[in-house]
Amino acid sequence: MNFQGIIFNLQKYWAKNNCIIKQPMDLEKGAGTFNPDTFLRCLGPEPWNVAYVEPSRRPTDGRYGQNPFRTQFFYQFQVLLKPSPDNVIDLYLGSLKNLGIDLISHDIRFVEDDWQSPTIGAAGLGWEVWADGMEVTQFTYFQQMGGFPLKPVSAEITYGLERIAMYLQDKDSFWDLSWSDSISYGDLHLESEKQWSVYNFEVASIDMLLDLFEKYEKEFRKVMKKGLVFVGCEYVLKCSHVFNLLDAREAISVAERTSYISRVRDLAKVLCSAYLEQREKMGYPLLKKDKK
Amino acid sequence: MGKDLLFEIGTEELPPSCMEEGVTGLRKVLENKLSESRLEFKDILTYVSPRRFVAIVKGLGEIQKSKEEIVTGPPKGIAFDKNGGPTKAAEGFARSLNLKVSDLEEIEIKGKGLYLGKRITEEGKKAKDLLGDILKDTLLSMSFSKQMTWSDYDIKFVRPIRWILALYDNEIIRFNIINLTSGNVTFGHRTLSPGAIIIKNTGDYFKFLKSKGAVIVDSAKRRELILKQISKLEEKLWKGKYKVVLNENLLKDVVNLVEIPNTITGNFPRGFLYMPKELLIEAIQYHQKYFAVLNKSGNVSTKFIIVQNGIKDTTGGVKKGNERVLKARLKDATFFYEEDKKHDFNHWTEKLKEVIFFSGLGSMYDKAVRLKKLSIYLIDLLHGSGLKGRQDISPDLVSASLLCKCDLVTSMVVEFPALQGIVGRQYAKEKGEKSAVADSIFEHYLPRFAGDILPSTDIGLILSIADRIDTITGMFIAGKIPSGSADPFALRRKASGVVLSILKGKYDFELAGLIGYNIKLYLESFNPKDTDGSKIASEVRDFIVARFRFLLEKKGKRLDILDAILEPGCGSIMDIDLRYTAIEEFIINRDIKKIYFPVIRCRNIIGKKEFGEVKEKLLVEEYEKKLFSSIESKKSKIKDLVVKKDFTSVLIELDKLGTVVDQFFDKVLVMDKDEKIKTNRINLIKKAVDLYMTMADFSRLIVDKR
């Protein structure tokens, strides 16, 4: 199954299992978790089942295209199920089977991996899922977001699409994966991976980034005063990405690091609290829909 | 007598780190609940596998023990009038129990006499009617250091609970928790045996889970199986040419990551073998939990061991997949190793300045500088004792103290935290540091856990002591003092490390001096508010001595001996240890009573009076003169012996003194009519006590009084 086939397959599977299929957000972010469809929607009592592809960026993970599966850019397939269904693991295993993974002749393992994202005050408990030793999915029961405890709890299933593809296509490297029958993943991404690695580690203007951080933070405060929660969310994400770039440039000392993280976390907290308030005022529209 | 109860809590995959905590908790809670419910049982066995906590109560009685309760009313004298008829009080009491006075009896209450009362016996209920509540309570009372909630339920557990099996012999014990009802259904291996398995009888449980479910519930058996498979590989297939590195912690983890284990041998490309041995082994073990394999000459080979959660790698896909993953992991490890090669210790030292040691207490670089000063201070303290006549290690110690924290900022240690110290040693050697310096970078982290090896050199020992004391002192200054079971910075373990290293090095120094100097260093650079230096110094000292006490207690040593030594205010661990050994041997080989009883006699007389000098001219009787001269002659002798740490000889001297003390008490009346003579005699006894106290407060010993 080629890379795009995997996406089609997962979309179909999760659509069949009551998820809406959304499209990625048009903004740089470290993971599908940062997309407001997870970041915000996991808050509050409203049910929410969604699946989407999320192109993700982790500047410090760049290896100039040298490592077979560590890159600064990759694709996640994100599923959020709220509340977490009782058969959630069976649903997940069903999706692997549906992709053609023979569960009996392979070693599928759930290895403890408690997840935390200090920048957005998020924490969850769960596993990384190994298929023959390869981490193919991050599986998390969200416990907290923006510092707020979550009830109901959502299950977040994050597939590493490239890793699953390596597994299905029996390839040793991202770059050798077939995206379609004629185009490889490397054709699409190897050159940009090299360029971005150079940029992230060597070129990105530190002064500009420091300046942007301040400006984005300020803009966030401004839009939040107007109650523009979804706009505010994007500024939190921008701050977070700028911070990641600064980190890759080693422009932030360890001491400053803590202070930057806590600044972003403060924004996230303000954001989440405002979102919760707004949904409550709106009378939790999705809760009503669910009841109908 | 009794039947077995089987209780299985089916969960999603448990973290290996919580399994021990879970089964210990389960056993304890269940034991309490059963006892509280007056149910008798022979034993509770507990088991854990990745998807289940299991308790089996052996020989659980079918009927609850009956309970007799005595209800008492008025005393006999008040309950009946002169004619023996019941009074209003008696009638009222009977009414309150819905009984007639004639149904009541006279009951004797110890020390109080006869009362009107009633023995009420509550018959025991059937166990099977009680067990539902007991098991439900047990489950709800289990707690974990990391807990979670799931879906919309109001329950906390370590991972979501998906089924509950509760069987008393062959009867289901029903109860409900959240969305679950207990039953007789269990589940086997997630992928090899996805369906439900019905257990009709507790005796079928292990058998059925293994044969139908592909699960070995008992972790000891899973461990045994892994080891058997490995030794079969080593002996049969490799014919002794290769050996698996059996890291105990890794093995523990792996045992608890599989419900049924199957070991597979994989290979990785030779190109990675250039990496230093220990770094390579950790890269193999750390993320993927593989076992490394050494060849005959003790070097890492290209083989590695995968422990699969399954029975067989039917298609070879498991092996192939894991080989691919390890290759990429090793590629990453070499990337970090090569990155580190571009830097040197100056670079890392600079970076240390940015690593916070603890909020308000500066950076790791500040710590390294303190370590340098502390080590030198300690060396000076030890000049008279532990290090006498040995080669001057100060220059190496200074280098080592400044380098020992550097590896914390290397890419290798950031990626593989367990390599701290090991990477430091490796890089120090690669950068041409002396081997004594390089080795002590590793050694200063020792001991890493209870039972770990200790540093082997003076540099390692001193640095290890200084580092631990510095951390403990710092945390005490920051107010992070361990309390109860909360010890987030593992200060107790660090204090144990201090004690063990001191004893290994035979370093005799007063803790208070080093700690006081340490506090001074902290306060010079940082100025935490309201720091009472001398109070913290004695708290830290007491904290470390308390760990010494704990270590002795664990070895089954006599704490009364320790208390006797500590009473006069001894503050050198080594000195305490030598005194302890001497007293302990003396008790075994000789008669401590000859020291103990004279001391007790002296103590009984002197009380807590004011004392003065003994006036020789007021000594009139023969045996008080003899005691005086005996004390005088022994005083300087004992002082010398204490300096030489020859405590056995001190005890022998005190033993001899005992005879003189006894003769004194037998022949001389202390309470003379003449106040001056009496006071003088008490002062004389005080002198004797003081002499005993130079060794220990013997009155604190627990001695058979016969």
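Two strands pair if DSSP finds at least two bridges between them. The exercises below use that rule on a predicted model.

**Exercise 1. Follow strand β7 of chain B.**
Find the strands that pair with β7(B), and say how they run.

*Solution.*
Step 1. Start with strand β1 (residues 3-11) of chain B. Seven bridges link β1(B) to β7(B), in the antiparallel sense. One residue pair to look up is Gly10(B), whose bridge partner in β7(B) is Trp163(B).
Step 2. Go on to strand β8 (residues 171-172) of chain B. Two bridges join β8(B) to β7(B), again antiparallel. Here Tyr168(B) has Glu171(B) as its bridge partner.
Step 3. Look at the link. β7(B) and β8(B) make a hairpin with two residues between them. Asp169(B) sits in that turn, with a positive phi of about 60°.

**Exercise 2. Judge the surroundings of β7(B).**
Is strand β7(B) largely enclosed or largely open?

*Solution.*
Step 1. Take the cut-off: a residue is buried if 20 or more other C-beta atoms lie within 10 Å of its own.
Step 2. Apply it. Six of the eight residues of β7 (residues 161-168) of chain B are buried.
Step 3. Conclude. β7(B) is largely enclosed by the rest of the structure because six of its eight residues are buried.

**Exercise 3. Lay out the sheet of four strands in chain B.**
Give the strand order, the edges and the helices that lie across the sheet.

*Solution.*
Step 1. Write the order: β13-β15-β16-β14 of chain B, an open sheet with antiparallel pairing.
Step 2. Mark the edges. These are β13 (242-244) and β14 (261-267) of chain B, each pairing on one side only.
Step 3. Add the twist. Neighbouring strands are turned by 30° against each other on average, direction ignored.
Step 4. Check one pairing. β13(B) and strand β15 (residues 291-295) of chain B run antiparallel and share three bridges. Lys243(B) has Leu294(B) as its bridge partner in β15(B).
Step 5. Place the helices. Helix α6 (residues 219-237) of chain B lies across β13, β14 and β16 (300-309) of chain B, at about 35° to β14(B). Helix α8 (residues 277-285) of chain B lies across β15 and β16 of chain B, at about 20° to β16(B).

**Exercise 4. Classify Phe208(B).**
Where does Phe208(B) lie, and what does it touch?

*Solution.*
Step 1. Locate Phe208(B) in helix α5 (residues 205-211) of chain B.
Step 2. Count. Phe208(B) has 18 other C-beta atoms within 10 Å, so it is partly exposed.
Step 3. List contacts, leaving aside neighbours within four places in sequence. Phe208(B) meets Ile197(B), Ile199(B) and Gly213(B).

**Exercise 5. Describe two contact surfaces of chain A.**
Treat the domains, then chain B.

*Solution.*
Step 1. Divide chain A into domain 1 (3-201) and domain 2 (205-291), as the domain assignment does. Their centres, taken over C-alpha atoms, are 22 Å apart.
Step 2. Count the domain contact in chain A: 28 residues of domain 1 and 27 residues of domain 2. The domain 1 side has 15 nonpolar, eight polar and five charged residues.
Step 3. Turn to the chain contact. Chain A gives 36 residues and chain B gives 35 residues. On the side of chain A, β4(A) gives the most, with five residues. That side divides into 19 nonpolar, seven polar and ten charged residues.

Technical notes: Residues numbered from 1 in each chain as written. Chains lettered and ligands numbered in written order. Predicted model: local features only at pLDDT ≥ 70, side-chain atom pairs only at ≥ 80, totals over all residues. Domains from an automatic or database assignment. Contact = placed C-beta atoms within 7 Å. Nonpolar A, V, L, I, M, F, W, Y, C, P; charged D, E, K, R; others polar. Buried ≥ 20, exposed ≤ 12 C-beta atoms within 10 Å, placed from the backbone. Axes fitted to C-alpha atoms, helices over the stretch in contact; angles between N-to-C directions.
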